[in-house]
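Here's a quick briefing to read alongside the sequence and the model. Have a look at the fold before you dig into the bullets.

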Amino acid sequence: MATRAATVDEYIGSCPGDVQEILREIRRRLHDAVPGAGEVISYGIPAMTLGGKQLIYFAAWKTHISVYPLPAGDATLQRDIAPYLAGKGTLRFRLSKPVPYQLIERVATALAAQRG
């Protein structure tokens with residue numbers, strides 16, 4: 001959906017207005033979930049970093065938003081993410097439905113905890 005961007009702001013700004021709002025909220029929620037996280041563009045999409053290494057990616061597509069990768073463990077979290085699984089390590093949130101921002105925060109928190 002977005003064109004090649006050098007920064008997360010450029011990436012978000014290249015998306016349609018309604019999608020920009022969703023991406024900004026995901027970005028805000030990720031920073032809330034992982035205080036001190038950095039940001040980069042990696043593989044052409046936004047990534048949050050922790051300790052200089054990529055932690056979680058998010059991307060806009062024509063009909064959905066994807067978040068990658070997924071944490072291991074926690075049976076409750078695995079049950080909650082199951083309806084959104086779209087392949088190994090990928091969550092897909094349809095743009096036609098409300099985005100479960102709290103779930104995205106939980107995924108980021110779990111990934112950060114696994115990182116130690």
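Let's start with one helix: the buried residues of α4 pack against α2, β2, β3, β4, α3 and β5. Keep in mind that this is a predicted model. The chain averages a pLDDT of 94, and 97% of the residues score at least 70.

**Helix α4**

- α4 has 15 residues and spans 21 Å from its first C-alpha to its last, close to the 21 Å expected at 1.5 Å a residue.
- Which residues of α4 are buried? They are Tyr101, Leu103, Ile104, Glu105, Val107, Ala108, Ala110, Leu111 and Ala112.
- Right after α4 comes Gly116, and its phi is positive, near 90°.
- Ile104 sits in α4 and has a relative accessibility of 1%. Ile104 counts as buried because that value is under the 20% cut-off.
- Setting aside residues up to four places away in sequence, Ile104 touches Ile26, Leu30, Val67, Phe93 and Val99.
- Val19 is 85 residues from Ile104 along the chain, and the C-alpha atoms of the two are separated by 16 Å.

**The nonpolar core**

- Nonpolar side chains tend to be buried together in soluble globular proteins. Here, the largest nonpolar core has 39 residues.
- The residues with the most contacts inside this core are Tyr11, Leu23, Ile26, Leu30, Ile56 and Phe58.
- Two or more residues of the core come from each of α1 (8-13), α2 (17-33), β2, β3, β4 (64-68), α3, β5 and α4 (101-115).
- Which element gives the most to this core? That's α4, with eight residues.
- Phe58 has a long contact list once its neighbours within four places in sequence are left aside: Val8, Leu23, Ile26, Arg27, Leu30, Ile45, Pro46, Met48, Ser66 and Val67.

**Aromatic pairs**

- How many aromatic pairs are there? The count comes to two.
- One of them is Tyr43 with Tyr57, at 6.1 Å centre to centre and with 55° between the planes, so it falls in the tilted class, neither under 30 degrees nor over 60.
- This pair links distant parts of the chain, with the two positions 14 residues apart: Tyr43 is in the loop between β1 (38-42) and β2 (45-50), while Tyr57 is in strand β3 (residues 53-60).
- Are the two partners buried or exposed? Tyr43 is exposed, with a relative accessible area of 73%, whereas Tyr57 counts as buried at 14%.
- Tyr84 and Phe93 also form a tilted pair, with their centres 5.0 Å apart and their planes at 50°.
- In that pair, Tyr84 is partly exposed at 26% relative accessible area, and Phe93 is buried at 1%.

**Polar residues in the strands**

- His64 belongs to strand β4 and is buried, with a relative accessible area of 12%.
- The side chain of His64 makes a polar contact of 3.5 Å with the side chain of Thr63 and another of 3.3 Å with that of Ser66.
- Not counting its neighbours within four places in sequence, His64 is in contact with Ala59, Arg92, Phe93, Arg94 and Leu95.
- Thr49 lies in strand β2 and is buried too, at 10% relative accessible area.
- With neighbours within four places in sequence left out, Thr49 is in contact with Ala37, Gly38, Glu39, Val40, Gln54 and Leu55.

**Backbone details to look at**

- Most residues other than glycine have a negative phi, and most peptide bonds are trans.
- Tyr43, in the loop between β1 and β2, has a positive phi, near 60°.
- Where is the cis peptide bond? It joins Tyr68 and Pro69, with omega about -20°. Pro69 is in the loop between β4 and α3.

**Confidence by element**

- Which element has the lowest mean pLDDT, and which the highest? Helix α3 (residues 75-81) has the lowest, at 95, and strand β5 (residues 91-94) has the highest, at 98.

Note on methods:
Residues numbered from 1 in each chain as written. Predicted model: local features only at pLDDT ≥ 70, side-chain atom pairs only at ≥ 80, totals over all residues. Heavy atoms only, no water. Phe/Tyr/Trp six-rings, centres within 6.5 Å; stacked < 30°, edge-to-face > 60°. Helix = DSSP H or I, 4+ residues; strand = E, 2+ residues; numbered from the N terminus. Buried < 20%, exposed > 50% of the residue type's maximum accessible area, 1.4 Å probe, protein only. pLDDT = per-residue confidence, 0-100. Core = buried A, V, L, I, M, F, W, Y, C linked by side-chain atoms within 4.5 Å. Contact = heavy atoms within 4.5 Å. Expected span 1.5 Å × (residues − 1). Polar contact = N/O pair within 3.5 Å; in protein donor to acceptor, adjacent residues only side chain to side chain.
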